[in-house]
Amino acid sequence: MAATKGELEYANLDALYDAGDYARLYALLEPEICVVTQAQLDAGESDSEEDIELCWRLARVCYALHSENAGDKTKAEGYIRYGLNVINMALRLDPNHWACYKWKAILLGALGAFVGTTEKIGYAFQIREHADKANELKPNDPATLYLIGRWCYDVASIGWISRQAAKALFATPPESTYDEALRFFQQGADALVDKQSFPELFVWLGKTLTELKRKDEARVAFETAANSRSTNAADAAAIAEARTKL
């Protein structure tokens with residue numbers, strides 16, 4: 001049965017997402033979008049006009065379902081690759097939509113778990129590029145600032161062997177520092193209206209402060225995360241991790 005107009009209202013879709021009803025959300029959105037892949041484009045097909053707001057919301061729920069199905073690698077990867085097909089089409093239709101760049105970066109980051117080292121390092125450049133574009137188009141979005149902070153932290157913490165491999169593969173491998181990660185995590189925390197709504201951000205803020213030997217400040221960040229509300233599995237995991245740091 002096709003979704004009703006009311007079911008496809010953005011507020012209703014966002015409420016389902018916030019409630020963690022990802023299966024229902026996917027069931028509403030997936031039949032509404034005619035996804036054209038790059039292979040289909042190469043074969044001569046054209047993108048159809050789609051509602052961009054529905055497209056990025058479909059990509060977003062694909063990421064959520066990938067997380068929910070982490071124990072089934074094939075299924076999880078399938079959601080990520082389908083979500084990327086959706087968001088790539090959305091960016092072709094509207095190359096100036098901040099949420100499309102944000103979710104392209106997030107999905108590419110998730111795809112790294114399913115590809116080899118060379119491909120994963122190559123994605124790192126694209127992830128930062130898309131995250132920066134999202135931040136340019138919509139400054140001070142806490143989730144985008146967190147995404148950039150995570151990118152900086154992950155690159156800063158790359159081990160010596162991986163760093164040498166990156167140098168061998170790329171003339172200029174991705175680079176960052178814990179200080180740069182801290183700057184974005186702090187900006188994200190400052191942009192939050194509700195400090196108890198994003199425990200993952202404060203966990204990684206705490207981890208970054210720990211790397212910088214600022215243990216008292218790190219403890220404050222972990223306490224904020226530990227006292228946050230849990231609305232999904234990612235929140236619960238972040239809260240549990242924060243409590244182990246206290």
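Let's start at the N terminus and read along the chain: the elements run α-α-α-α-α-α-α-α-α-α-α-α-α. That is 13 helices and zero strands. Keep in mind that this is a predicted model.

Now the overall form. The radius of gyration is 19 Å, and the globule rule gives 18 Å for 246 residues. Those values are close, so the chain is as compact as a globular protein of that length. Along the principal axes, the C-alpha atoms fill a box of roughly 55 × 45 × 35 Å.

What share of the residues counts as buried? Of the 246, it is 45%. And what about contacts across the sequence? Take the contacts with a separation of 6 or more: 62% of them come from residues 24 or more positions apart.

On to the surface. The chain exposes about 12500 Å². Carbon and sulfur atoms supply 51% of that area. Next, charge. There are 27 positive side chains and 36 negative ones. The centres of the two sets lie 7 Å apart.

Let's zoom in on two residues.

First up, Arg57. Find helix α4, residues 52-68; Arg57 is in there. Is Arg57 buried or exposed? Its relative accessible area is 6%. Buried means under 20%, so Arg57 counts as buried. Which side chains does the Arg57 side chain join through polar contacts? One is Asp14, at 2.9 Å. Another is Glu53, at 2.8 Å. Now leave aside the neighbours of Arg57 within four places in sequence. Arg57 is then in contact with Tyr10, Leu13, Asp14 and Leu29. Notice that Asp14 turns up again: it is in that contact list, and its side chain has the polar contact with Arg57.

Second, Val203. Go to helix α11, which covers residues 199-211, and you will find Val203. Val203 has a relative accessible area of just 1%. That puts it under the 20% cut-off, so Val203 is buried too. Which residues touch Val203, once its neighbours within four places in sequence are left aside? They are Phe222, Ala225, Ala238, Glu241 and Ala242. Pick out Ala238 from that list. Ala238 is 35 residues away from Val203 along the chain. In space, the C-alpha atoms of Val203 and Ala238 are separated by 6.6 Å.

To wrap up: the chain has 13 helices and zero strands. Arg57 is buried, in a helix, with polar contacts to Asp14 and Glu53. Val203 is buried as well, and its contacts include Ala238.

Definitions and conventions: Residues numbered from 1 in each chain as written. Predicted model: local features only at pLDDT ≥ 70, side-chain atom pairs only at ≥ 80, totals over all residues. Heavy atoms only, no water. Helix = DSSP H or I, 4+ residues; strand = E, 2+ residues; numbered from the N terminus. Buried < 20%, exposed > 50% of the residue type's maximum accessible area, 1.4 Å probe, protein only. Contact = heavy atoms within 4.5 Å. Polar contact = N/O pair within 3.5 Å; in protein donor to acceptor, adjacent residues only side chain to side chain. Rg over C-alpha atoms; globule rule 2.2 N^0.38 Å. Areas by Shrake-Rupley, 256 points an atom, 1.4 Å probe, with all protein chains shown as cover. Lys, Arg positive; Asp, Glu negative; His and termini not counted. Charge placed at Lys NZ, Arg CZ, Asp CG, Glu CD.
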